[in-house]
Amino acid sequence: MATSDNKLADTDEKIFIGKGEETAWLTLALANRHGLVTGATGTGKTVTLQVMAEGFARAGVPVFAADIKGDLSGISEVGEAKDFIVKRAKEMGLTFQPDQFSTVFWDVFGEQGHPVRATVTEMGPLLLSRMLDLNDVQEGVLNVAFRVADENGLTLIDMKDLRALLDAIAPSGGKKAADDEEDPLAPIRKAAQSYGNVSKATVGTIQRQLLVLENQGGTKFFGEPALTLKDFMKTDRDGRGMVNILVADKLMQSPRLYATFLLWMLSELFEELPEAGDLPKPKLVFFFDEAHLLFNDAPKALMDKIEQVVRLIRSKGVGVYFVTQNPVDVPDKVLAQLGNRVQHALRAFTPRDQKAVAAAAQTFRPNPKLDTARVIMELAKGEALVSFLEGGGTPSMVERVLVRPPSARIGPITPEERKAIMDASPVKGKYDTAVDEESAYEIIQKRLAGTAAPADGAGGGDGGGILGQIGSIAATIFGTNVKRGRLSTGQVIARNVTRSVTDKVIGGVVADLGKSVGGSIGGSIGRSLVRGALGGLLRR
């Protein structure tokens, strides 16, 4: 962190963050070792986040950050040489140079940014259970529902798909029919019961939790076109990293939805990106504001998965920076992965607060010149204690610094400015209109109406769409869909072998299609889908 270089400007290898007795540099090659920005409300965390985001963008690193209060949106507009900014720059030996950064706004509700959507299939049962606040039994039934959907080609795109599937796996209320074939959904119910007891009461509880999620705006989040994460990882025409801002003021009214959504994004990055090893700079830096919401009341199984993703995602070239009030908000196993630290002031008015300050001080490498616990309570607005990783990957001694002023505007932009940015956005039109393709709801309705093949039919389990079309074409070529009279034993064997080969050919073709053909198709490919660490689809 310390340097004798008098040029206080970003370079190709490091970002200038602040200056005290020593100069605080964040090394780009070590920026994927993750970080933590902490401090009480009003102490300057958002400004520090903006300074770091600007530095990464200048270095050609795309940035994603959630904007809780709307203040971060100013990064898209040219900074103003206000008196306090010029004064701060002068105190640090800087000349203030206004700047602005290419920005894309995103919004789950589609009101102040491009809509952000995911399919239910992509979300997976683990994260959806967290979003719905399900207990172990209810989570088990949801896992059964996803398994049945994956194996029967029932693509879960939106909420109505999931509701239809839950209704389909619930035991029927009446007496069992003499012939199961009279119930068009009998194969689905039978498949569900083969994985364990699925009670109607448990399904009803999950349905009620879905209603709560819908009332919080979850209906707008689930659907298509689903987000392509590569749209976050772009540079502008000048080679600077794009700054992606998630408008989260309304989303924060549903804290669990907010936290689970960001965790889903992390898990998608983890599953989708290839191994990258040690890079000169990250592929993407992800700022997770109000990070304590991610860990509050999280069950141990989920915590273990989060720790695994944070530990391993750095090898994919992604740096994750948690922003919260106190380091104790972050579990020890995750905290141990966060090598780059910025600590703003904390207030200690109660014994509990004093313990939190002491705990925060202990997370830094000690500096003989500083009483870290005392300094944390003395820091002025815009000051911070910092410790960044040095050349060997070890934390530097903690230093007290004055954080540099941002080059872009500090504070929110106007609705007119936001509209102009969205009109010129590189993804304008790609996500703005929702699409409702044929999926589980429509397929189940067709089966109930007697116009679709059963779940275990020869068509490969997909009631329609491209998978069904491929199956139909291949079946016609190989003659496996032709109605025939009574066959001899040899003919039956030959036909079944042909059908098996056909299914394998279809499976190979569809596997090659992957997610590139569209979310609804990719979600239903194959007879059994493979899910990653957090239950999302593996996109291999």
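Buried means under 20% relative accessible area, exposed over 50%, and partly exposed in between (1.4 Å probe, protein chains only). The model is predicted: local features need pLDDT of at least 70, side-chain atom pairs count only at pLDDT 80 or more, and totals for chains, interfaces and linings use all residues. Residues are numbered from 1 along each chain as its sequence is written, and side-chain values use heavy atoms, with hydrogens and water left out.

**Exercise 1.** Determine how Glu214 and Arg163 are related, and classify Glu214 by accessibility.

*Solution.*
Step 1. A salt bridge requires a side-chain nitrogen of Lys or Arg within 4 Å of a carboxyl oxygen of Asp or Glu. The side chains of Glu214 and Arg163 form one, at 3.1 Å from N to O.
Step 2. Helices (H or I, at least four residues) and strands (E, at least two) are DSSP runs, numbered from the N terminus. Glu214 belongs to helix H8 and Arg163 to helix H6, so the pair ties together parts that are 51 residues apart in sequence.
Step 3. Glu214 has 22% relative accessibility and therefore counts as partly exposed.

**Exercise 2.** Compare the end-to-end distance of helix H5 (residues 136–151) with its expected span, then describe its surroundings.

*Solution.*
Step 1. The expected span is 1.5 Å times one less than the number of residues. For the 16 residues of H5 this gives 22 Å, and the end C-alpha atoms are 23 Å apart, which agrees.
Step 2. The buried residues of H5 include Val141, Leu142, Phe146 and Asp150.
Step 3. With contact meaning heavy atoms within 4.5 Å, the buried residues of H5 pack against helices H3, H4, H6, H7 and H8.
Step 4. Just after H5, Gly153 adopts a positive phi of about 65°.

**Exercise 3.** Trace the network of salt bridges that contains Arg374 and Arg400.

*Solution.*
Step 1. The network links Asp371, Arg374, Glu378, Glu383 and Arg400.
Step 2. Within it, the side chains of Arg374 and Glu378 meet at 2.8 Å, N to O. These two residues are 4 apart in helix H15 (residues 372–378), and are therefore separated by about one helical turn.
Step 3. Arg374 is partly exposed, at 42% relative accessible area, and Glu378 is partly exposed at 38%.
Step 4. The side chains of Arg400 and Glu383 form a salt bridge at 3.1 Å, N to O. This pair joins distant parts of the chain, with Arg400 in strand S12 (residues 399–403) and Glu383 in strand S11 (residues 383–387), 17 residues apart.
Step 5. Arg400 is partly exposed, with a relative accessible area of 28%, whereas Glu383, at 17%, counts as buried.
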